[in-house]
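Biologist: Please show me the model, and then explain the terms used to describe it.

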Amino acid sequence: MTYQPLHYLYQPATTPTGVTLLLLHGTGGDERDLLPLAQSFGPGVNVLSVRGNVLEGGMPRFFRRLGMGVFDEDDVRFRTHELAAFLAQVSEKEGFDPTNIVAVGYSNGANIAGSLLLLYPELLAGAVLWRPMQPLTRDVPVVHTTRRPPVFFNPGSRDPTVDPPATERYATLLTTAGFQLTRQDTPTGHNLTQADVDGGITWFRQHFAAPAATASR
Ligand code: MLT
């Protein structure tokens, strides 16, 4: 299979800090879904919002699944490599720094972001994972990151679509690999709440604050 181009929207920062947010929607969403949240991350971020290339009953996703929470892991791998190749190309085309990308993903989008962490552990500068599930459970790569990117890891403690012990194993896998997890368990289901968004933005500001403006003379 050859890589397909991904639909995307790109909005350059008004006062660039160098960070590019990579927005990754949930099942049935598209590149417009998470855009309203992006401005809360501040005017200094470039925004790259991408639509998943897989369709499930007409609903865009970032990789195929065999059932609820059961992933086609060959496709997870293929689509992750496809996304990584796309990021290299689009960063050149749009002129942003490919070493300063922070993924912000919800549900299926969090899972392709997690797969980028596992298969390309030095690629992302950070990641917000809202409602994550471990995307690769077969032949799990031995992952080690020297870059040690911060990761906001945000399961819903009442999410019926996830198995809590699996969430713990995934968090342990990421931590052991060297990712710096900030964990927030929101007492809610699979839906994204304001508390999740606020938690992600606070985490982002702590780790990717814009450099202080130089005092004018
Ligand atoms: C979803 O609804 O998208 C699932 O919970 C997560 C996934 O399939 O990746």
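Modeller: A salt bridge is a side-chain nitrogen of Lys or Arg within 4 Å of a carboxyl oxygen of Asp or Glu. The structure holds eleven of these salt bridges. This is a predicted model, in which local features need pLDDT of at least 70 and side-chain atom pairs count only at pLDDT 80 or more, while totals for chains, interfaces and linings use all residues. Residues are numbered from 1 along each chain as its sequence is written, and side-chain values use heavy atoms, with hydrogens and water left out.

Biologist: What makes Arg138 and Asp74 a salt bridge?

Modeller: Their side chains are 3.8 Å apart, N to O, and the limit is 4 Å, so the pair counts.

Biologist: Why is Asp30 called buried?

Modeller: Buried means under 20% relative accessible area, exposed over 50%, and partly exposed in between (1.4 Å probe, protein chains only). Asp30 has 15% relative accessibility, so Asp30 counts as buried. Asp30 forms a salt bridge with Arg32, with the closest N and O atoms 2.7 Å apart. Arg32, at 53%, counts as exposed.

Biologist: Why is His81 called partly exposed?

Modeller: His81 has a relative accessible area of 30%, which lies between the two cut-offs, so the middle term applies.

Biologist: How do you know that Asp159 has no salt bridge?

Modeller: The nearest side chain of opposite charge, Arg131, is 4.5 Å away. Salt bridges need 4 Å or less, so this pair does not count. For charge, Lys and Arg count as positive and Asp and Glu as negative, while His and the chain ends are not counted.
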